[in-house]
Amino acid sequence: MKTVETVKELRSCLRPLRDRRIGLVPTMGYLHEGHVSLIRKAREECDVVVLSVFVNPLQFGPQEDFARYPRDLERDARIAEQAGVDFLFAPPVEEMYPQQPLTKVTVSQLTDRLCGASRPGHFDGVATVVAKLFHIVEPDRAYFGMKDAQQVTVVEQMVRDLHFPVTVVPCPTVREEDGLALSSRNVYLSAEERSQATVLSAGLREVAEKVKRGEMTLASQAIDYLKRRISSKPLARIDYVDVLAFPELTPVKELTGRRVIVAVAVRFGSTRLIDNIILHEKEDLPCSAR
Ligand code: AMP
């Protein structure tokens with residue numbers, strides 16, 4: 001594995017490999033098994049695997065955790081190499097943003113809800129940095145986790161709208177044994193918060209089971225159930241609980257008859273966790289093929 005810090009060097013490394021299938025896994029680092037599952041999928045499907053590790057200041061709000069976001073590039077490099085990465089692209093902020101950028105990528109509508117509503121400007125930052133990475137790496141395939149399902153829909157929309165020659169590959173959420181979705185931010189949780197945080201995945205799973213058994217048919221029932229279930233944990237502060245059509249992210253009344261996302265964002269102390277479940281998922285169909 002080669003670690004590269006500049007755009008120029010990465011481009012010259014990739015130039016002789018342009019006839020191969022290049023896979024990109026964009027991350028903010030502090031790697032865990034969720035990231036590793038994306039790398040493994042890229043390794044299976046591509047000849048060359050590029051992992052980017054970049055904590056992108058543009059996608060953090062002024063009151064958010066950019067400065068204290070966990071970083072450990074040495075550890076990331078060890079994990080990446082073991083997982084089969086060929087190029088680890090870890091640019092400093094000045095390399096990605098040598099000057100204050102005056103250009104940004106905005107994906108409208110899809111970003112009005114869920115995390116877009118509670119984190120204004122977040123998805124502009126995401127779409128802009130992903131567009132930059134796509135231009136730098138020119139990957140054939142790019143791998144994203146469904147833990148950030150809204151991010152997947154936003155990136156897919158950007159790819160279609162701007163004709164990026166990239167296939168977006170959504171990958172399933174990797175969880176701890178007790179159901180908690182893996183996240184670099186889980187390290188912020190105190191023992192008590194960590195134990196109460198399982199309510200997100202447990203609540204979502206319960207909703208899926210109730211829908212399957214025909215006991216729950218309306219979006220409003222799922223929202224009420226989750227709000228009550230999550231609020232039963234004293235350290236949990238709900239940011240949002242919502243049910244939307246997926247991948248369109250438009251409001252729905254019914255939980256049945258079409259694919260929907262049930263999504264939650266909850267704060268434990270200063271840590272904001274998100275999770276979601278897709279109901280009536282056709283497992284074998286990538287988002288981009290719908
Ligand atoms: P991050 O470093 O948190 O920005 O995440 C980088 C990529 O890894 C994104 O596409 C995430 O959706 C994905 N990812 C993060 N956590 C998980 C997880 N638990 N399971 C699967 N993918 C994940």
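The turns below go through the sheet and the ligand site of a predicted model.

Residues are numbered from 1 along each chain as its sequence is written. Local features need pLDDT of at least 70, side-chain atom pairs count only at pLDDT 80 or more, and totals for chains, interfaces and linings use all residues, while side-chain values use heavy atoms, without hydrogens and water.

Me: Why are β2 and β5 called paired strands?
Reply: Two strands pair if DSSP finds at least two bridges between them. Strand β2 (residues 22-27) and strand β5 (residues 141-145) are joined by 2 bridges, so they pair, and they run parallel. Gly23 stands opposite Arg141 in β5.

Me: What makes β1 and β6 edge strands?
Reply: The open sheet has 6 strands in the order β1-β4-β3-β2-β5-β6. Both β1 (2-4) and β6 (167-171) have a single partner strand, so one side of each is left without a neighbour in the sheet. A strand here is a DSSP run (E, at least two residues), and a helix is a run of H or I of at least four, numbered from the N terminus.

Me: How do you know that an oxygen atom of the ligand makes a polar contact with His35?
Reply: A polar contact is a pair of N or O atoms within 3.5 Å. An N or O atom in the His35 side chain is 2.9 Å from a ligand oxygen, so the pair counts. A polar backbone atom of Gly145 is also 2.9 Å from an oxygen atom of the ligand. For Leu182, a backbone N or O atom lies 2.9 Å from a ligand nitrogen.

Me: Which element gives the largest share of the shell around the ligand?
Reply: That is α2, with 3 residues.

Terms used:
Polar contact = N/O pair within 3.5 Å; in protein donor to acceptor, adjacent residues only side chain to side chain.
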